[in-house]
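Trainee: Pick one part of this model and take me through it slowly, please. I'd like to follow the reasoning from residue to residue, then see how the rest fits around it.

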Amino acid sequence: MDLVRTDPAITTPVMFENPADFTRKTQVFDRGSWLTKGKEVQPDVPKIFGGLPGNLPKNRLGLAKWLGSKENPLTARVAVNRFWEQIFGVGLVETLEDFGTQGFTPSNPELLDFLATRFMNEYNWQPKELLKEIVMSATYQQDSKANAALLEKDPMNRFLARGPRVRLNAEQIRDQALLVSGLLSYKMYGKSVMPYQPDGIWNSPYSGMSWRLSDGEDQWRRAVYTYWRRSGPYPSLMTFDGGSREVCLARRIRTNTPLQALTTMNDPVYVECSKFLAKRMLQENGDTEAQIRKGYRLALSRDITPQKLEVLLSFYQNTYKTYQQKPKEADKLLGICKDDAIKPKNIPSTAAMTMVASAILNLDEFITKQ
């Protein structure tokens, strides 16, 4: 009772189970009527799962121990299914939010059971060991290319005859662009930050809150640190199917819309990433071809093919001529962000390379895991 009366303002609050005399009785309502009470019921788990072991108390502590015990067949399977979904894009049970009889059946129940058993018994619930086994498997390391026969037999790749090919999630797309451009901040912890966002998103007659652009490296921190307001969520993340957090979301549904391309081509965050990636490209000694090769390698970790190099080089040359004729447009492009770290000697060349960098950051292979 002393703990109940303690002022939490001056001590650290601790969650604990109510004593027995605080516990209310829970009874069955006869025919659903709360006025007609039936027999009293006690805390327990569904009998189909075997029930709580006899040595465990029937409270939250007992439930927690049962959830992580080998007698519970569900926890390891749900965990393995979620890890599988993060790697392959679709879980062995596609409906992450419904693992029961009303959800989808496992595409490979034997594999699900095998990985769940190893996760519990051999890996001792260590996710890194499980993830290592999955990504080093021959199944994961397959090429994602599909031929007509595979698409006809298994269009959704549920039988894993080819490697996964899925679009990255909203946070990964933004963080990857920041990383490749050299802007990503590795600062950890702390308060939420406010990167670039269009004006007017937070306009409300009931609140005086406003979006105040963060200073310095805070505006380039990972997307997980972005300030989130449920009535006005960060728009570019929402465009890529980020949750609004108004309700619990167990699984994000991936979409493919024109707004996504418009975001990565025009959002100030991505324009700034293009500008700084262009700066890294222009630091390469050599001709324009060498600079484009470097940008492609930075973004995709492999060398560019001759066909793609020809396309990007032609794009650079045409854009360079345009900016030579319209220098104000080049100034407008390079001045879209408030940072003045880039002060190019050849503005048309830098603007043209910025457009090439933007094209690289908008490649399907850049925002798609394949």
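Mentor: Let's start with Val-14, which sits in the segment before strand S1 (26-29). Keep in mind throughout that this is a predicted model. With a relative accessible area of 56%, Val-14 is over the 50% mark and therefore counts as exposed. Gly-62 comes 48 residues away from Val-14 along the chain, and their C-alpha atoms are separated by 18 Å.

Now for the part I'd really like to dwell on, the aromatic rings. There are nine aromatic pairs in the structure. One of them joins Phe-88 and Tyr-140: the ring centres are 5.7 Å apart and the planes meet at 80°, so it's an edge-to-face pair. What does the pair tie together? Phe-88 belongs to helix H2 (residues 75-88), while Tyr-140 is in the loop between helix H4 (127-135) and helix H5 (148-153), so the contact links parts that are 52 residues apart in sequence. The two partners fall into separate burial classes. Phe-88 has a relative accessible area of 7%, so it's buried. Tyr-140 comes out at 22%, and because the buried class stops under 20%, it counts as partly exposed.

Next, look at Trp-202 and Trp-211. Their rings are 5.3 Å apart, centre to centre, with 90° between the planes, which is again edge-to-face. Both of these tryptophans are buried. They also belong to a wider group, since ring pairs join Trp-202, Trp-211, Tyr-227 and Tyr-234 into a cluster. Trp-202 has a charged neighbour as well: Arg-229 lies over the face of its ring, 4.9 Å from the centre.

A similar arrangement turns up at Trp-228, where Arg-245 lies over the ring face at 4.4 Å from the ring centre. Arg-245 deserves a second look for its backbone. Its phi is near 70°, a positive value in a residue that isn't glycine. For context, most residues other than glycine have a negative phi. Arg-245 is found in the loop between H7 and helix H8 (258-266).

Tyr-189 is another one with positive phi, near 65°, and it isn't glycine either. You'll find Tyr-189 in the loop between helix H6 (170-181) and helix H7 (235-239). Is Tyr-189 buried or exposed? With a relative accessible area of 62%, Tyr-189 is exposed.

Ser-214 is also in the loop between H6 and H7, but its relative accessibility is 11%, so it counts as buried. A polar atom of the Ser-214 side chain lies 2.7 Å from the backbone nitrogen of Met-194.

To see what surrounds all this, turn to the packing. The largest nonpolar core has 41 residues, and those with the most contacts inside it are Cys-273, Met-281, Ile-292, Met-353, Val-356 and Phe-366. The elements giving two or more residues to this core are H6, helix H9 (268-282), helix H10 (288-300), helix H11 (306-325), helix H13 (347-361) and helix H14 (364-367). H9 is the biggest contributor, with seven residues.

Met-353 makes a handy vantage point in that core. Leaving aside residues up to four places away in sequence, it touches Ala-278, Met-281, Leu-282, Thr-288, Gln-291, Ile-292 and Tyr-316. Its helix, H13, is mostly covered, with twelve of 15 residues buried. Met-353 is among those buried residues, along with Pro-348, Val-356, Ile-360 and Leu-361. The length of H13 works out too: at 1.5 Å a residue its 15 residues should span 21 Å, and the end C-alpha atoms are 21 Å apart, so the two agree.

There is also a second, separate core of 17 residues, and it includes Ala-76, Val-80, Val-93 and Leu-130. Helix H3 (residues 109-121) is worth a look as well. Its 13 residues reach 18 Å from the first C-alpha to the last, close to the 18 Å expected at 1.5 Å a residue. The buried residues of H3 are Leu-112, Leu-115, Ala-116, Arg-118, Phe-119 and Met-120, and they pack against H2 and H4. That brings us back to H2, the helix that holds Phe-88 of our edge-to-face pair with Tyr-140.

Key. Residues numbered from 1 in each chain as written. Heavy atoms only, no water. Phe/Tyr/Trp six-rings, centres within 6.5 Å; stacked < 30°, edge-to-face > 60°. Helix = DSSP H or I, 4+ residues; strand = E, 2+ residues; numbered from the N terminus. Buried < 20%, exposed > 50% of the residue type's maximum accessible area, 1.4 Å probe, protein only. Lys NZ or Arg CZ within 6 Å of the ring centre and 35° of its normal. Polar contact = N/O pair within 3.5 Å; in protein donor to acceptor, adjacent residues only side chain to side chain. Core = buried A, V, L, I, M, F, W, Y, C linked by side-chain atoms within 4.5 Å. Contact = heavy atoms within 4.5 Å. Expected span 1.5 Å × (residues − 1).
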